[in-house]
Amino acid sequence: MTIAGALRHAAARLSQAGIDDARLEAEVLLAHALGVDRRSVLASLREALSSHACARFDLRLARRLSREPLAYIVGRREFFGIDIICAPGALIPRPETELLVELVLRELHRRGGALRIADVGTGSGAIAVAVALNVPAAQIIAIDRSSDALAVARRNVAQYALASRIHLVQADLLDSVGTCDVVLANLPYVDEAEWSSLAPEIRDYEPRLALDGAAGGVAVIARVLAQAPAHLAPGGLLALEIGDMQASALHAEACAAFPAGRSCVIKDLAGRDRVLAVRAAR
């Protein structure tokens, strides 16, 4: 079979399974099986696949047809223009979370990069790595209660040689953190009532600990809002990714936690509420 034929066959099967971007995913899976990039695959469409290459491709295709996330199969996902290692045990970074990074980078450039930052619920470490690579003077404490997630984060910190500036800590939220200039977090915010309706890639493969926010989806975020006044420096910034139906409830929590501060909700590119930003009083 040629590469073109293998891609047509795989894309058809992925599409029949209800997987979006079937052709693109087929190309990514084949590139991974061959140990090359997509550009090389597309430049070689008329070439024949060896039996060994077909077998490697079939194994990856079978995993994807079982709805295992593509990022876990190929072991990587692009986030904020950088390559992030992905593995079960840590949430796969999402494009919408890049808004959180952009907000923090604006804050750091406005105030100067030599700030103390806490990344709460760091998961794969994607946010911490993206911030550290863009602000060389920043010192970041990356916190997660999951040892599996921290193992993935450690690999991402190592691949960019950031161990001197990103300090990984196993803890529950802000329990072991001192005073920080910026606290940012992408914490669980899925309503537990919605769990069964999630896509199988999420429900069956990604860590529930990183997604399930209990009833209403706001329990974990509300805990951070209650803790944050004791850990945020005067004039500091708290930035939290939230669900698109949670702004009203969490804005009220923020006002209660920071009665002299200011808070606002920032929308993502799709127009959905995505980040709750809180400025502590000076």
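The protein exposes about 12,800 Å², and carbon and sulfur atoms supply 52% of that area. The model is predicted, and its secondary structure consists of 11 helices and nine strands. The radius of gyration is 21 Å, close to the 19 Å that the globule rule gives for 282 residues, so the protein is as compact as a globular protein of that length. The points below move from the whole chain to one helix, and then to individual residues.

**Overall shape, burial and charge**

- Taken along the principal axes, the box filled by the C-alpha atoms of the protein is roughly 65 × 40 × 30 Å.
- Of the 282 residues in the protein, 52% are buried.
- Among contacts in the protein with a separation of 6 or more, 66% are accounted for by residues 24 or more positions apart.
- The protein carries 31 positive and 32 negative charges, and the mean positions of these two sets are 4 Å apart.

**Cysteines**

- The count of disulfides in the model comes to zero.
- C54 counts as partly exposed because its relative accessibility is 23%, whereas C180, at 1% relative accessibility, counts as buried.
- C180 also appears among the contacts of two residues described further below, being in contact with H231 and touching L232.

**Helix α10 and its packing**

- Helix α10 spans residues 219-227, and its buried residues are V220, I221, A222, V224, L225 and Q227.
- These buried residues of α10 pack against two strands, β7 (232-241) and β9 (273-279), and against the helix α11 (247-257).

**From the α10–β7 loop into strand β7**

- H231 lies in the loop between α10 and β7, and this histidine is buried because its relative accessible area is 14%, where buried means under 20%.
- Leaving aside neighbours within four places in sequence, the contacts of H231 are L174, V177, G178, T179 and C180.
- H231 and L29 are 202 residues apart along the chain, and their C-alpha atoms are separated by 44 Å.
- L232 has its place in strand β7, and at 8% relative accessibility this leucine counts as buried.
- Not counting residues up to four places away in sequence, L232 touches T179, C180, D181, V182 and V183, together with L237, L238, F258 and A280.
- The C-alpha atoms of L232 and A118 are 9.7 Å apart in space, although these two residues are 114 apart in sequence.

**From the α8–β5 loop into strand β5**

- R165 is placed in the loop between α8 (147-159) and β5 (166-170), and this arginine counts as buried because its relative accessibility is 14%, under the 20% limit.
- With neighbours within four places in sequence set aside, R165 is in contact with A132, L133, V135, P136, A137, A138, Q139 and I140.
- One of these contacts, I140, is 25 residues from R165 in sequence, and the C-alpha to C-alpha distance between R165 and I140 is 6.1 Å.
- I166 lies in strand β5, and this isoleucine counts as buried, with a relative accessibility of 3%.
- When residues up to four places away in sequence are not counted, I166 touches A128, V129, A132, I140, A142 and V157.
- A132 and I166 are 34 residues apart in sequence, and their C-alpha atoms are 7.5 Å apart in space.
- A132 and I140 recur in this region, since they are among the contacts of R165 and also among the residues that I166 touches.

**Residues with positive phi**

- Most residues other than glycine have a negative phi, and two residues of this model can be set beside that general pattern.
- F80 is found in the loop between β1 (76-79) and β2 (82-85), and its phi is near 55°, a positive value in a residue other than glycine.
- A214 lies in the loop between α9 (200-203) and α10, and its phi, near 65°, is likewise a positive value in a residue other than glycine.
- A214 is partly exposed, since its relative accessible area is 28%.

Key. Residues numbered from 1 in each chain as written. Predicted model: local features only at pLDDT ≥ 70, side-chain atom pairs only at ≥ 80, totals over all residues. Heavy atoms only, no water. Buried < 20%, exposed > 50% of the residue type's maximum accessible area, 1.4 Å probe, protein only. Helix = DSSP H or I, 4+ residues; strand = E, 2+ residues; numbered from the N terminus. Contact = heavy atoms within 4.5 Å. Disulfide = S-S within 2.5 Å. Rg over C-alpha atoms; globule rule 2.2 N^0.38 Å. Areas by Shrake-Rupley, 256 points an atom, 1.4 Å probe, with all protein chains shown as cover. Lys, Arg positive; Asp, Glu negative; His and termini not counted. Charge placed at Lys NZ, Arg CZ, Asp CG, Glu CD.
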